[in-house]
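Open the model in your viewer and keep the sequence panel beside it. The tour goes from a single residue to the whole chain and ends at a patch on the surface.

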Amino acid sequence: METQHSQGFKRKKLTPKSVRNVPARSRGAQYSYASLSPHYATWKNTLCNAAMPPEEMVKDQKNTLIKQGNQPDGGQMNWNIERRSLPGHSDCDTIQIVFHFDDGIQSDKHPHPGHSYKGTEFVAYLPQNTTGTKILRLLEQAFEHKLLFTVAANSSGEYCVMPADIPLKTLDSGGPGSLGYPDPTYLKSVRKSLKVKGIK
């Protein structure tokens with residue numbers, strides 16, 4: 001059974017012990033969710049990537065400097081809970097994250113400003129445990145600050161949206177050689193990569 005998080009949401013019959021409504025942020029992020037404990041229901045989460053200030057560094061609410069990337073505007077980050085486990089994490093369910101970008105025009109931060117790029121959809125996975133839940137929230141911050149994706153040429157020379165330098169597990173199996181699980185070092189390495197960008 002899956003708990004879907006997409007446009008609009010319905011509360012499940014299960015009632016979480018604590019529900020935290022997160023206010024919409026000024027740059028277009030709108031999301032609310034309950035506790036992500038494996039024992040409780042989860043809610044819809046949609047994060048919209050809007051335009052960011054031009055500065056290379058901005059301060060978050062805790063006055064921490066966070067680097068800004070060149071991720072294209074207009075992307076979406078959605079997540080849902082799958083009632084299955086990832087290899088190496090048999091004691092919890094799975095967080096499936098879907099990133100979506102439409103086709104667009106490159107900005108002055110991209111290789112060929114004014115030229116088009118192809119949009120795409122990426123899927124990433126995290127275990128739904130305490131560490132995985134924390135990393136999900138950090139990835140949301142990274143997405144807001146345009147750090148997860150960039151525009152680059154693929155093997156055919158076509159410009160498209162691609163993951164940047166924060167590692168994502170885009171397969172649910174196959175091991176680290178194929179960007180999948182099991183990978184006992186992944187949760188630590190992705191958290192380290194996020195910390196380097198000022199997200200912690």
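Select Pro176 and display its surroundings: apart from its neighbours within four places in sequence, Pro176 is in contact with Lys169, Pro182 and Asp183. The model is a predicted one. Colour by secondary structure, and Pro176 appears in the loop that runs between β14 (159-163) and α2. Now add Tyr186 to the selection and draw a C-alpha to C-alpha distance from Pro176. The two residues lie 10 positions apart in sequence, and the distance between them is 8.2 Å.

Zoom out to the whole chain. How many helices and strands does the chain have? There are two helices and 14 strands. Switch on contacts next, keeping those with a sequence separation of 6 or more: 60% of them join residues 24 or more positions apart.

Then show the accessible surface, which comes to about 10500 Å² for the chain. Carbon and sulfur atoms hold 51% of that surface. Colouring by burial gives another view: 44% of the 200 residues count as buried.

For the last stop, go to helix α2, residues 186-196, and select Lys195 within it. Is Lys195 buried or exposed? Its relative accessibility is 54%, so Lys195 counts as exposed, the cut-off for exposed being over 50%. Keep Lys195 selected and add Lys134, Arg191 and Lys200: together these four residues form a positive surface patch.

Conventions
Residues are numbered from 1 along each chain as its sequence is written. This is a predicted model: local features need pLDDT of at least 70, side-chain atom pairs count only at pLDDT 80 or more; totals for chains, interfaces and linings use all residues. Side-chain values use heavy atoms; hydrogens and water are left out. Patches are made of residues with over 30% relative accessible area and no salt bridge: like charges are joined within 9 Å, nonpolar side chains (Val, Leu, Ile, Met, Phe, Trp, Tyr) within 5 Å. Accessible areas come from the Shrake-Rupley method with a 1.4 Å probe; for residues, only the protein chains shown count as cover. A salt bridge is a side-chain nitrogen of Lys or Arg within 4 Å of a carboxyl oxygen of Asp or Glu. Lys and Arg count as positive and Asp and Glu as negative; His and the chain ends are not counted. The place of a charge is taken as NZ of Lys, CZ of Arg, CG of Asp or CD of Glu. Helices (H or I, at least four residues) and strands (E, at least two) are DSSP runs, numbered from the N terminus. Buried means under 20% relative accessible area, exposed over 50%, partly exposed in between (1.4 Å probe, protein chains only). Contact means heavy atoms within 4.5 Å.
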